[in-house]
Amino acid sequence: MFSWEKLGRIYNPLDYENRKEWMNEFAQAPCTLVFDDFVRVFFGCRPKRDENGQYVTYTTYVDLNRKDLFKIERFAAKPVLNLGNKGTFDEFGTYPLSIIKNNDELWGYYAGWTRCESVPFNVGIGLAVSKNNGEHFERMGEGPVLPYTPEEPFTLSGPKIRKFNDKYYLFYIAGANWYLENNKPEISHKIRLAISDDGINWNKINKDIIPDGWDKTEAQASPDVFYANGKYHMFFCGWVPSSFRQTRTRKIGYAYSTDLLNWTRDDSKVGIELSEEGWDSEMNAYPHVFELDNNIYMLYIGNEVGRYGFGLAKLKGNL
């Protein structure tokens, strides 16, 4: 089993009374970009609900001191990506975001979502480019690069972009079914993979790559892949739609692979558990693993899907 030492919560939006209106609540799905003297953490945030009780979501960032990751050096002045135009797939939300360097540019793959009537939302995966180190991104186009298809009719979300052996690998989640629980629609989605030579044109594997572990209806999310010691390690999160409203629990799972195509799930190795009390006592979710100065860290969100921010854990030993 791996051993993650929880170091504490880095950012809670509710701690900042004068926070900007558009980043009033939540800090969801963090991912990092490491600079010489700071670490930029991108995450999803929300303003207050509108007059109809509806949310929108933006992506923003905070910069952390590289030598003290609990010291926030600066906040983004505005969202890094505007909401999409009326009727587009990302009209109401642009998160989570996953970034990869591509020569002098940053390419950001993000989930864009729109509202529906019979279910709350539908989601596609878009691509945006930054030429100023992630201060701002511009869409490559108004449509998604991974859209709904006959085989994947809804909720393509949770993109995690990686490049191994000169090929791009995009891990994502695809909706498997909508369930009606206590007259409320609950989504189940599974982790999938697409491969590309250029990061734009994708070949989908078109199958679930991580077997169920908690329940056959489980929802899997946030497939974060990290290479170390001859293996590809995937940390992801999930929940069971039929019981989620009662338990309010989301947990982290683990799988490994030697070829990126065939994965063995072994949640017994995760090595990070819910806290007995406090901001991460119900949820450890949306993990992001990164290396910094010869240490391996995990960012994760806590209760109510990041309403109270994200925290940091440090790996003791090796993957």
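**Exercise 1. Which residues line the largest cavity?** Determine also how that lining is composed and which strands contribute to it.

*Solution.* The model under study is predicted.

Step 1. Establish the cavities. The structure holds 2 cavities of 30 Å³ or more, and the largest of them has a volume of about 50 Å³.

Step 2. List the lining. The residues are Ala29, Pro96, Leu97, Gly158, Pro159, Lys160, Ser222 and Tyr286.

Step 3. Sort by class. The lining of the largest cavity comprises 5 nonpolar, 2 polar and 1 charged residues.

Step 4. Assign the strands. Both β6 (93-102) and β10 (157-164) supply at least two residues of this lining. The largest share, 3 residues, comes from β10.

**Exercise 2. Describe the second largest cavity by volume, lining and residue class.**

*Solution.* Step 1. The second largest cavity contains about 30 Å³ of space.

Step 2. Its lining consists of Thr59, Val80, Leu81, Thr94, Leu97, Tyr110, Ala128 and Phe137. Leu97 appears in this list and also in the lining of the largest cavity.

Step 3. By class, the lining of the second largest cavity has 6 nonpolar and 2 polar residues, with no charged residues.

**Exercise 3. In what order do the strands of the open sheet that contains β10 lie, and which strands form its edges?**

*Solution.* Step 1. Four strands make up the open sheet, in the order β10-β11-β12-β13, with antiparallel pairing.

Step 2. The edges are β10 and β13 (203-204), each of which pairs on one side only.

Step 3. Examine the pairing of β10. Its partner is β11 (residues 167-181), to which β10 is joined by 6 bridges in an antiparallel arrangement. Within this pair of strands, Ile161 stands opposite Leu170 in β11.

**Exercise 4. Classify the aromatic pair Phe164-Tyr232 and state which strands the pair ties together.**

*Solution.* Step 1. A search of the whole structure finds 27 aromatic pairs.

Step 2. Consider the geometry. The ring centres of Phe164 and Tyr232 are 4.8 Å apart and the planes stand at 70°, so the pair is edge-to-face; the cut-off for this class is over 60 degrees.

Step 3. Locate the partners. Because Phe164 lies in strand β10 and Tyr232 in strand β15 (residues 231-239), the pair ties together parts that are 68 residues apart in sequence.

Step 4. Assess burial. Phe164 and Tyr232 are both buried.

**Exercise 5. Analyse the pair Trp214-Phe236: is each residue buried or partly exposed?**

*Solution.* Step 1. Trp214 and Phe236 form a tilted aromatic pair, with 6.1 Å from centre to centre and 55° between the planes.

Step 2. Trp214 is in the loop between β13 and β14 (219-228), and Phe236 is in strand β15; the pair thus links distant parts of the chain, 22 residues apart.

Step 3. Trp214 has 24% relative accessibility and therefore counts as partly exposed. Phe236 has 0% relative accessibility and therefore counts as buried. The cut-off applied is that buried means under 20%.

**Exercise 6. Which residues do ring pairs link into a cluster, and which ring does the charged end of Lys231 sit over?**

*Solution.* Step 1. Ring pairs link Phe2, Trp4, Phe235, Tyr254 and Tyr256 into a cluster.

Step 2. The charged end of Lys231 is placed over the ring of Tyr256, at 4.4 Å from the ring centre. Tyr256 therefore belongs to the ring cluster and also has a charge over its ring.

Step 3. A further contact of this kind involves Arg115, which lies over the face of Phe92, 3.9 Å from the ring centre.

Technical notes:
Residues are numbered from 1 along each chain as its sequence is written. This is a predicted model: local features need pLDDT of at least 70, side-chain atom pairs count only at pLDDT 80 or more; totals for chains, interfaces and linings use all residues. Side-chain values use heavy atoms; hydrogens and water are left out. On a 1 Å grid over the protein atoms alone, a cavity is a set of points where a 1.4 Å probe fits but cannot get out, and a pocket is an open set with protein on both sides within 12 Å along at least five of seven lines; lining residues have an atom within 4 Å of a point. Grid points are joined across faces, edges and corners, and a volume is the space filled by probe spheres set on the points. Ala, Val, Leu, Ile, Met, Phe, Trp, Tyr, Cys and Pro count as nonpolar, Asp, Glu, Lys and Arg as charged, and the others, Gly among them, as polar. Two strands pair if DSSP finds at least two bridges between them. Rings of Phe, Tyr and Trp (its six-membered ring) pair if their centres lie within 6.5 Å; planes under 30 degrees apart count as stacked, over 60 as edge-to-face and the rest as tilted. Buried means under 20% relative accessible area, exposed over 50%, partly exposed in between (1.4 Å probe, protein chains only). A charge sits over a ring if NZ of Lys or CZ of Arg is within 6 Å of the ring centre and within 35 degrees of the ring normal.
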